[in-house]
Amino acid sequence: MSSGVLLKLAQKFNCFYLTGYQAAECKPFVVEGCQVGLIRPDVMRQLINYPEVFHVSQGCVELNPAFRDYETRSCQVDQVLRELRARNVFVTLKGWRDECYEVKTDFMAQSLLKMDRCATCLFGIRNYGVTINGFVRHPQMGQCLWFQKRAATKQTWPGKWDSMVSGGLSVGRGIMETAHKEAMEEASVPTELLKRLYSAGCVSFYFESERGLFPNTEFVFDLELPPDFRPVCSDGEVECFEILPVGQCLRKVLAADFKTTSAPCVLDFLLRHGVVTPENEPDYLKVVELLHVPLQSIYAPKGRPRENGVNGAGGPLVFLRQVVPGAQGAEALQDKGRGQRQAHEISVETFPSRLEGARDDWGLLPLSSREQTPMTEAEPLADPSGEIGFFSGNPFVEVTKGILHLYKQDAMSSRQEALTLCLIGVPCSMTCHDILGFTAPCHGAIAHIRVFRDSLPNQYMCLLTFREHEAAVEFYETYNGAPFSSLEPERLCRIVWVSKVEWAHDGLPPPGHTELPTCPVCLERMDESVDGVLTILCNHAFHASCLEKWGDTTCPVCRCVQSPEQAETSECDECGKQAASRDALWICLICGHVGCGRYLSGHAASHYRETSHCYALQVGSHRVWDYKGDNFVHRLLQNKADGKLVPAEGPASEAEHAQEKVDSVQLEFTYLLTSQLEEQRMYFENKLAVTESELFKEIDQLQDDVLALSTERQELWEQVRQLRREKQALEKKAQEQSGRLASALRDLNEERQIGKALLANQEQRQAQAAALEQRGAHQERELAELKEQVRDLMFFIDAQQAVERSEHRDEIAQGSVTVASPPPAAKARRARKKK
């Protein structure tokens, strides 16, 4: 073989890994803080249009961290991909086949999401597949290898030559299961032959084409087939099969009509079976290395941290910062890395997490009511009173008051009967829909959810009644201390056990409630044993599923707000105290820190001493205090040199007043121009929306037509498969009939030989019979003559005896007998007639 041919082939299917054609421009694709792929610039330009799903930054492209579970991530990504497919943005999405691949950080890791097979190359997701090398030990041609030609209707690589069997690992299928499935569908390999299938390792490579990036790992299997086996396709994806001696396989793989991503598997087979050796291939080691690219470690195990500075585990965070080198350093790096990926200097800064240390200021309730309820009798209870006052209801209609009795230490012996939990300190920014989403995994075990509040502002409480104690314990252990939202990790869920709820009107339910009240939304009876019931702040109860569909934040009956309104209060970030006057609070103009004045706890001044942020705004009067100059500042300007805030020196001059007027006029003109442009933008957006709606209708119509054609095609394929099965059955019957015909011909020849022998015997027997007949006729004639002689003799004897008895015997003895001639027959007959 020519020198360097196999190396060029290996470099071809590793083009992205070796040259990094667009690696300097590609950005990591991050899910749950881990890199799972690479995204090219042409894909990023489209993903920017979906900021609610993909966060595109300078360092990476991150899937929205708010998507916390597998199904949500998969659904959101699938919606974006289907929209891009409808817009016909990427060529690869034309091959949509509703076959999903798993997205993982590692092959053995848990799946983060799933996406359609054709879209994985847009994100550089690692793909896994199965390839079967079907080989034959032929008595004349020696060792041979089977190949298939892909059907011209395939979405990818149509009409190209491929290995005998190959397929990808889709969702829910294992490696061996996929191998058996593809072998039976693509080559009709029977189950008895599949028992010979054995693993031969794997190959990995990183390929790039106009469709996207393909970091592929193929699990390779070898299957020895009998010489008389002929593969037959049963799913319509293969046009034909061909068998070649291994000596001609290299020429087949190097041809232009061979699938590039299948060449590594065939090349690996030739290496393992001694067709390609170090003696006949000078680039043997390089080729072997390029067949096993380290894809499992090519992506960083951890991606870019989230922008709020807190990772999932609550530990310290590591941020990567790119430092632009100087002119000389840039030139040196450019010369050193010419033709490779762009080089950068990286500095690592570590920041402590806010969740590392314990905090004493969680929530707004007193410490006695914010302690966790102990789960064992040995743990002491920190709450001496064990009571929390509450109220609910629409203040314009009716207000219901009551007291929550928490479990005491001496009453914990009856804890097995506890079915009620209370979520205290729920921030009023969380609506009832958010509460339903937070408790969604446990809706089947919750009988009733009631919303009420106490006298503390900006928060409310939720009373949860469970059907079983085990479910309540599991909910307590899972959610107690967990954040309500990953976007606000400082707001934690605090849960206490409730022993009894005491109402202000003799312990009876609120007025208007009966044993089985009616849901105002669906007008069906509400049974807590069948479906969960949610009672909101105004004491109106609904099915939890019905209220979840209600899109408004007000009650469907009385239009009262379902959760408390946010109170306009300010408090110190350090001590959490609310000042009696708003003038006692100061907000830092640099970082936004709120602290109390020096005449209270002095936290604002302490913040200045710690950070050197010298400007603070008084919340009540909106005046600015300069801690460095120890006086009020009447005007702040932004320095053009460094962008910092600096106080203006002296009162403003007349020129400055005139400039202020010009600035105000300019600002007013800017506002006017902005409003006009906004109106034009809305006008064109409306036109664009109408055009998009018409386009989407046309796309839907085309999709329906395609679906109908696909259904018709599927029916035709089913008919073709049925006809092929019938053809195979008829061929099998024809083979059986041919065997029977050959057997009948053999029997016929035997019968003919037997017939000839019988004919010869018959002729011999006939000759013997004729001879016997002649002999019998001769004997009969002799017998007739002997009978005549006996008759004559008997006649003579009778006559002699008669003469001897006669009286005239002497005369008779001397006489003679003359025999007369017989009369004519006719005269005799006439004589008889006359008589």
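A nonpolar surface patch is built from residues with over 30% relative accessible area and no salt bridge, with nonpolar side chains (Val, Leu, Ile, Met, Phe, Trp, Tyr) joined within 5 Å. Accessible areas come from the Shrake-Rupley method with a 1.4 Å probe, and for residues only the protein chains shown count as cover. Here, Val-790, Leu-793, Met-794, Phe-796 and Ile-797 form such a patch, with about 470 Å² of accessible area together.

Welcome to this structure, which is a predicted model: local features need pLDDT of at least 70, side-chain atom pairs count only at pLDDT 80 or more, and totals for chains, interfaces and linings use all residues. Residues are numbered from 1 along each chain as its sequence is written, and side-chain values use heavy atoms, leaving out hydrogens and water.

## The chain as a whole

The chain has 19 helices and 32 strands. Helices (H or I, at least four residues) and strands (E, at least two) are DSSP runs, numbered from the N terminus. Of the 835 residues, 36% are buried; buried means under 20% relative accessible area, exposed means over 50%, and partly exposed lies in between (1.4 Å probe, protein chains only). The accessible surface comes to about 50400 Å², and 53% of that belongs to carbon and sulfur atoms. A contact means heavy atoms within 4.5 Å. Among contacts between residues at least 6 apart in sequence, 62% join residues at least 24 apart.

Back to the patch for a moment: Val-790 sits in helix H17 (residues 654-805). Val-790 is partly exposed, with a relative accessible area of 48%.

## Helix H6 and its cover

Helix H6 (residues 175-187) has 13 residues, which should span 18 Å at 1.5 Å a residue, and its end C-alpha atoms are indeed 18 Å apart. The expected span is 1.5 Å times one less than the number of residues. Which residues of H6 are buried? They are Thr-178, Ala-179, Glu-182, Ala-183, Glu-186 and Ala-187. These residues cover an arc of only 130° around the axis, so they lie on the same side of H6; the arc is that of the directions from the helix axis to the C-beta atoms. An α-helix has 3.6 residues a turn, so residues three or four places apart point the same way.

The cover over the buried residues of H6 includes strand E7 (127-138), strand E8 (142-150), strand E10 (165-168), helix H7 (191-194), strand E12 (212-225) and strand E13 (238-245).

Strand E7 also holds Asn-133, which is buried at 2% relative accessibility. Asn-133 and Leu-223 are 90 residues apart in sequence, yet 6.1 Å apart in space, C-alpha to C-alpha. Not counting residues up to four places away in sequence, Asn-133 touches Leu-145, Ser-163, Val-220, Phe-221, Asp-222, Leu-223, Cys-265, Phe-269 and Arg-272.

## Salt bridges

A salt bridge is a side-chain nitrogen of Lys or Arg within 4 Å of a carboxyl oxygen of Asp or Glu. How many are there by this rule? The count comes to 22 salt bridges. Here are some of them.

| Pair | Closest N and O atoms |
|---|---|
| Arg-137 and Glu-224 | 3.2 Å |
| Asp-162 and Lys-259 | 3.8 Å |
| Glu-685 and Arg-681 | 2.4 Å |

Arg-137 in strand E7 and Glu-224 in strand E12 are 87 residues apart, and their pair links distant parts of the chain. Glu-224 is partly exposed at 30% relative accessibility.

The pair of Asp-162 and Lys-259 also links distant parts of the chain: Asp-162 lies in strand E9, Lys-259 lies in the loop between helix H8 (249-253) and helix H9 (263-272), and they are 97 residues apart. Asp-162 is buried, with a relative accessible area of 0%, and Lys-259 counts as buried at 13%.

Glu-685 and Arg-681 both lie in helix H17, four residues apart, about one turn of the helix. Glu-685 is partly exposed at 40% relative accessibility, and Arg-681 is partly exposed at 38%. Elsewhere, salt bridges that share partners join Glu-32, Arg-68 and Arg-73 into one network.

## Positive phi angles

Most residues other than glycine have a negative phi. Asp-98 has a positive phi near 55° and is found in the loop between helix H4 (70-86) and strand E5 (100-103). Is Asp-98 buried or exposed? At 59% relative accessibility, Asp-98 counts as exposed.

Trp-157 has a positive phi near 50°. Trp-157 lies in the loop between E8 and strand E9 (161-163) and is partly exposed, with a relative accessible area of 27%. Just after H6, Ser-188 takes a positive phi of about 55°.

Methods. Patches are made of residues with over 30% relative accessible area and no salt bridge: like charges are joined within 9 Å, nonpolar side chains (Val, Leu, Ile, Met, Phe, Trp, Tyr) within 5 Å.
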